[in-house]
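Please work through the exercises below with the sequence and the model at hand. Each task is followed by a solution in steps.

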Amino acid sequence: MGFIYNGISSQSMKIRARLAGWQVFTALRNSFETVPGKAGVADFGCDISERTITISCSVLPRRSFAELVSVLDNAAEWLNPAKGLRQLVLDDVPDRYFMARLSEAVDCERLLRTAGSFELRFVSPDPYAYALEDEVFVLSGTGTHVAERLSGNADSEPVYFLKGMISTSSSSYISLITNGEELRIVGPLAANETLVIDSSMVTAKVTDAAGNALRNGLPCLQELNFPILRKGVNNIEINAVNAAFTELKIQAKSRWR
């Protein structure tokens with residue numbers, strides 16, 4: 001077993017690797033407040049912190065110590081945390097990926113003269129794992145639709161790609177209602193343009209047919225009510241008022257906590 005980091009496998013780097021453990025829950029950030037005259041604390045809920053992933057690695061005996069150092073030099077270049085977050089895929093759970101980087105120093109223990117072992121501790125600031133093969137839904141008509149998420153075990157923050165025509169008139173809009181929560185698009189939007197709404201980044205942009213960004217899309221939103229998709233069935237209602245709706249493509253960004 002092993003892992004793939006930034007598209008390169010540990011096997012190709014001559015490193016044997018195995019997952020040392022599995023963090024069922026990341027560290028919790030509890031929001032407690034002390035209330036004078038009241039026993040205990042007031043509970044305002046909790047959130048989750050970053051995820052840590054520990055991988056045990058070894059290098060089998062090489063022909064010389066210099067060859068062992070060469071393997072470790074290549075690994076240092078491959079895993080350089082200064083390059084920022086990169087996609088990490090574990091062989092034990094190959095359907096998902098984390099965005100991670102090394103968080104601690106790596107010391108190789110010499111087991112033999114030309115062999116060694118070490119641990120890699122990765123940190124994923126975003127604690128969620130994301131589906132390698134994401135779920136995509138394409139809705140091509142107004143009315144009520146059902147989008148059923150089958151992957152993951154947590155609510156997801158999708159990306160919506162909306163095509164249609166919305167004029168500058170105050171009475172022209174397209175309404176997207178996701179599980180009862182409305183996002184009203186007031187435009188303007190031309191026939192050859194796409195409004196991209198990213199719930200994770202809390203941003204929106206208008207692109208051309210080739211995907212090139214044309215302008216900020218936030219002014220097209222009547223309110224910043226970004227959609228959330230639940231695991232399982234999601235009801236999506238589309239209404240066009242004095243506007244033309246063409247298509248809504250949804251990239252689910254399905255994920256695991």
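**Exercises on loops and a helix**

Pro188 belongs to the loop that connects strand E16 (181-185) with strand E17 (194-198); helices (H or I, at least four residues) and strands (E, at least two) are DSSP runs, numbered from the N terminus. The model is predicted: local features need pLDDT of at least 70, side-chain atom pairs count only at pLDDT 80 or more, and totals for chains, interfaces and linings use all residues. Residues are numbered from 1 along each chain as its sequence is written, and side-chain values use heavy atoms, without hydrogens and water.

**Exercise 1.** Determine which peptide bond involving Pro188 is cis.

*Solution.* Inspect omega between Gly187 and Pro188: the value is about 5°, and the bond is cis.

**Exercise 2.** Classify the exposure of Asn6, in the loop between E1 and E2.

*Solution.* Step 1: buried means under 20% relative accessible area, exposed over 50%, and partly exposed in between (1.4 Å probe, protein chains only). Step 2: Asn6 has 39% relative accessibility and therefore counts as partly exposed. Step 3: its phi is near 55°, a positive value in a residue other than glycine.

**Exercise 3.** Establish how the buried residues of helix H1 are arranged.

*Solution.* Step 1: Glu67, Leu68, Val71, Ala75 and Trp78 are buried in H1. Step 2: viewed down the axis, these residues fall within an arc of 110° (directions from the helix axis to the C-beta atoms), so they line one face of the helix. Step 3: on the other side of H1, Ala66 and Glu77 are exposed.
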